[in-house]
Amino acid sequence: MTASNLPTVLIQCLLVLVCICGCAKRPSAADLAETGSSQLAAKDYAQAAINLSRAENLAKKEGDSFLLGRIYRLEGESCDATGNYPDAIRAYIKSIKAYEKAGKPANARQSLYQAGLAYYNVQDYRQAEQAFRSVVYEAHQAADSLMESSALDAYANLCLEQENQDPALAISILTRVSQELGFPLQCREQGMMAYAYSLLGNDKEAQRWLRVASRNAVSEEEKSQVKFREYQIASRSGDYRTALSSLEDVMQYNNQVQLSELRDSVMRYQMESFSEQ
């Protein structure tokens, strides 16, 4: 090879490299959605949002309604995790429509259920109730007992937390979950039963359910949930010493969770900064 034809050879090499790079497989919408899902699970919400947005754009071009339903749901979950409930609701609604277009009613029910939880978090209890009741009806028609029990559980909690409380309905709903659907009440639901009976003035039954919930509380989160119900019940009965002690336990757990989340956030930031250097 002479010096005279060197530029031509270099140009040809560059062209080959360009072709190789151009032929390299680009991530598909499904690949990006999976990456975003993994990042969401790792609580890397910023990167998850980037990849889910890219996945959404590609899925729209491909006309893949089923994949769009999943992407929108993941975007809703990302918004949920960061407390952006209004955007979460909008994402879940888009997910429902996409799944319905794809002919996937079970997936649409899951997104409607999650929309109901988001409505609950913004205290739009009317919309939350409509969502839960719709999911219960549709799941019952489809013999989807697991989804039906989840929606009933959320509906029972709503009965206890909204302004016009209906403890009798909450008890009836949870009884249906355990007796008709065959799902044993867990620690959280047992605490709900305790609070419901307290609202009805049945302190003996309230204390019985509170003891059951306390025995079944294993994780720190479950123990905190029981302590919160204990605080509510003690406050109603005028036992302010117990109420204060239980509230302090709840606050201590919440502070620990917030500190842990702060540490995770700082570590992710440090790792991202290190990788960029």
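Two aromatic rings of Phe, Tyr or Trp form a pair if their centres lie within 6.5 Å. This definition is needed for one of the views below, all of which are taken from a predicted model.

**Figure 1. The protein chain is built from helices, with 13 helices and 0 strands.** From the N terminus on, the elements run α-α-α-α-α-α-α-α-α-α-α-α-α. The chain has 277 residues, and buried residues make up 36% of them. Among the contacts with a separation of 6 or more, 51% are accounted for by residues 24 or more positions apart.

**Figure 2. Helices H4 and H5 pack with their axes within 7 Å.** Helix H4 covers residues 65-81 and helix H5 covers residues 85-101. Their axes cross at roughly 165 degrees. An angle over 145 degrees counts as roughly antiparallel, and H4 and H5 are therefore roughly antiparallel to each other. The crossing of H4 and H5 is left-handed. Residues of H4 that take part in the meeting include Ser65, Phe66, Arg73 and Glu77. On the side of H5, the residues include Tyr85, Ala88, Tyr92 and Lys101.

**Figure 3. Glutamine 114 of helix H6 touches Arg73, Glu77 and Tyr92, leaving aside residues up to four places away in sequence.** Helix H6 spans residues 105-121, and glutamine 114 lies in this helix. Arg73 and Glu77 belong to H4, and Tyr92 belongs to H5; these three residues are also among those through which H4 and H5 meet. Is glutamine 114 buried or exposed? Its relative accessibility is 10%, and a residue under 20% is called buried, so glutamine 114 counts as buried.

**Figure 4. Tyrosine 120 and tyrosine 125 form one of the 4 aromatic pairs found in a search of the whole structure.** The ring centres of tyrosine 120 and tyrosine 125 are 5.7 Å apart. Their planes stand at 50 degrees to each other, and the pair is tilted. Tyrosine 120 has a relative accessible area of 22% and is partly exposed. Tyrosine 120 is also touched by asparagine 157.

**Figure 5. Two charged side chains lie over aromatic faces.** Lysine 104 lies over the face of phenylalanine 66, at 5.5 Å from the ring centre. Phenylalanine 66 is one of the H4 residues that meet H5. In the second example, arginine 208 lies over the face of tryptophan 209, and the distance to the ring centre is 5.0 Å.

**Figure 6. Helices H8 and H10 pack at an angle of about 35 degrees.** The axes of H8 and H10 are 10 Å apart, and H10 covers residues 187-199. The crossing of these two helices is left-handed. On the H8 side, the contact is made by Asp153, Ala156, Asn157, Leu160 and Glu161. Their partners in H10 are Arg188, Glu189, Met192, Tyr195, Ala196 and Leu199.

**Figure 7. Asparagine 157 is placed in helix H8, which runs over residues 145-161.** Which residues does asparagine 157 touch, not counting residues up to four places away in sequence? They are Tyr120, Arg188, Met192 and Arg229. Of these, Arg188 and Met192 are in H10, where they share in the contact with H8. Asparagine 157 has a relative accessibility of 10% and counts as buried.

**Figure 8. Lysine 227 of helix H12 is in contact with Ser246, Asp249 and Val250, leaving aside its neighbours within four places in sequence.** Helix H12, in which lysine 227 lies, spans residues 220-237. At 29% relative accessibility, this lysine counts as partly exposed. The C-alpha atoms of lysine 227 and serine 245 are separated by 8.9 Å, although the two residues are 18 residues apart along the chain.

**Figure 9. Glutamine 123 and alanine 143 each have a positive phi.** Most residues other than glycine have a negative phi. For glutamine 123, phi is near 65 degrees. Glutamine 123 lies in the loop between H6 and helix H7, and at 59% relative accessibility this residue counts as exposed. For alanine 143, phi is near 60 degrees. Alanine 143 lies in the loop between H7 and H8, and with a relative accessible area of 67% this alanine is exposed.

How values were computed. Residues numbered from 1 in each chain as written. Predicted model: local features only at pLDDT ≥ 70, side-chain atom pairs only at ≥ 80, totals over all residues. Heavy atoms only, no water. Helix = DSSP H or I, 4+ residues; strand = E, 2+ residues; numbered from the N terminus. Buried < 20%, exposed > 50% of the residue type's maximum accessible area, 1.4 Å probe, protein only. Contact = heavy atoms within 4.5 Å. Phe/Tyr/Trp six-rings, centres within 6.5 Å; stacked < 30°, edge-to-face > 60°. Lys NZ or Arg CZ within 6 Å of the ring centre and 35° of its normal. Axes fitted to C-alpha atoms, helices over the stretch in contact; angles between N-to-C directions. Parallel < 35°, antiparallel > 145°, perpendicular 65-115°, else oblique. Left-handed = near helix turned anticlockwise from the far one by under 90°.
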